[in-house]
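Student: I should like to go through the charged residues of this structure and ask, for each label, on what grounds it is given.

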Amino acid sequence: MSNHNFFIVDVFAVDKYTGNQLAVFFGSNFSDVEMQRIAKEMNYSETTFITSTEMQDGGYNVRIFTPEQEVPFAGHPTLGTAYIIQQEIIKQQVNNITLNLKVGQIPVTPHYINDEIDVLWMQQKLPTFHQVLQPEALAPVLNLNIEEIDHKFPIQEVSTGLPFIIVPLKNHPALKRIKVNKDKYFELIDKIEAKAILVFCPETNHPKNDLSVRMFADYLGVPEDPATGSANGCLAGYLVEHSYFGKEEIDIRVEQGYEIGRPSLLLLKAEKQEDQIKVEVGGKVVMVAKGEFV
């Protein structure tokens, strides 16, 4: 595989040109500066670089960049890059593809139909739960009324390698009319570790889905993301930790991206085992284009 090949895929896609776009480069010859410049040039939410076409310590070395900075972990780049590794390097059915990321090793499991990958699942790091924030701190950031936040559940920082603020809302109209106040957003995140906000509600656009979410991360160069595996992994842990559905396990469908014209579907599984929560995030990957970097 040439060091100059690249691919564009849609991850968590309902169909081509839905889901979250990802550019994947074979990049062992790129410097850190070049990788950051390419990520900014592509202007996707993330761009990944496969820096080893041979396994190292049981996995493939991969680095993830947003247009603004390198990040230790992100969900849709993990699934999309695993798909390219299977299609372009391994070129045969395998039960597991492991990515060596900054956050550590993340295993991805492909599920096949008629020899073709149908859905890929990644097992995320165990979620950790951090500070609880007050509704008064988030409502002005999202331009919401405090009463639209679901006070039965906390607003909380959760991380599976990348921290997010998880905000429960009561209904879909509130979710749909969110407009982030950037000044208040940056004032908030300057005080806490998490730099991104996931907001969710139990009402959906599609009747087969269980939750609808939106994710905002201007700090990372992503004003709004159409599909966010890392944030939804945090959400999965949160839902189990706080028994959102009345039990300590979930197997649900989550929609995202409708408000920005990129409808996406994420599959979440999580269950509490003793005092730990195992989280899996799944979705489809669709090839859009391939080319050569010059």
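Student: What makes K290 and E88 a salt bridge?

Tutor: In this predicted model, the closest N and O atoms of K290 and E88 are 3.6 Å apart. The criterion asks for a side-chain nitrogen of Lys or Arg within 4 Å of a carboxyl oxygen of Asp or Glu, so the pair qualifies. The two residues belong to distant parts of the chain: K290 is in strand 18 (residues 285-292) and E88 in helix 2 (residues 75-90), 202 residues apart.

Student: Why is K290 called exposed, and why is E88 called buried?

Tutor: The relative accessibility of K290 is 55%. Exposed means over 50%, so the label applies. For E88 the relative accessible area is 15%, and buried means under 20%, so E88 is classed accordingly.

Student: How do you know that K284 and D118 form a salt bridge?

Tutor: Their closest N and O atoms are 2.3 Å apart, and the limit is 4 Å, so the criterion is met. K284 lies in the loop between strand 17 (276-283) and strand 18, while D118 is in strand 8 (residues 116-123); the pair therefore ties together parts that are 166 residues apart in sequence.

Student: Are K284 and D118 buried, exposed or partly exposed?

Tutor: K284 has a relative accessible area of 34%, and D118 has a relative accessibility of 23%. Partly exposed covers what lies between under 20% and over 50%, so both K284 and D118 are partly exposed.

Student: What makes E70 and R63 a salt bridge, and which residues are linked with them in a network?

Tutor: The closest N and O atoms of E70 and R63 are 2.8 Å apart, which satisfies the 4 Å limit. D32, R63 and E70 are linked in a network of salt bridges.

Student: Why is R63 called buried but E70 partly exposed?

Tutor: R63 has 18% relative accessibility, and buried means under 20%, so R63 counts as buried. E70 has a relative accessible area of 24%, which falls in the partly exposed range.

Student: How many salt bridges does this rule give?

Tutor: The count comes to eleven salt bridges.

Student: Which residues form the negative surface patch, and what makes D251 exposed?

Tutor: The patch is formed by D210, E249, D251 and E271. D251, in strand 15 (residues 249-256), has a relative accessible area of 58%. The cut-off for exposed is over 50%, so D251 is exposed.

Notes:
Residues numbered from 1 in each chain as written. Predicted model: local features only at pLDDT ≥ 70, side-chain atom pairs only at ≥ 80, totals over all residues. Heavy atoms only, no water. Patch = residues over 30% accessible without salt bridge, like charges linked within 9 Å, V, L, I, M, F, W, Y side chains within 5 Å. Areas by Shrake-Rupley, 256 points an atom, 1.4 Å probe, with all protein chains shown as cover. Lys, Arg positive; Asp, Glu negative; His and termini not counted. Charge placed at Lys NZ, Arg CZ, Asp CG, Glu CD. Helix = DSSP H or I, 4+ residues; strand = E, 2+ residues; numbered from the N terminus. Buried < 20%, exposed > 50% of the residue type's maximum accessible area, 1.4 Å probe, protein only.
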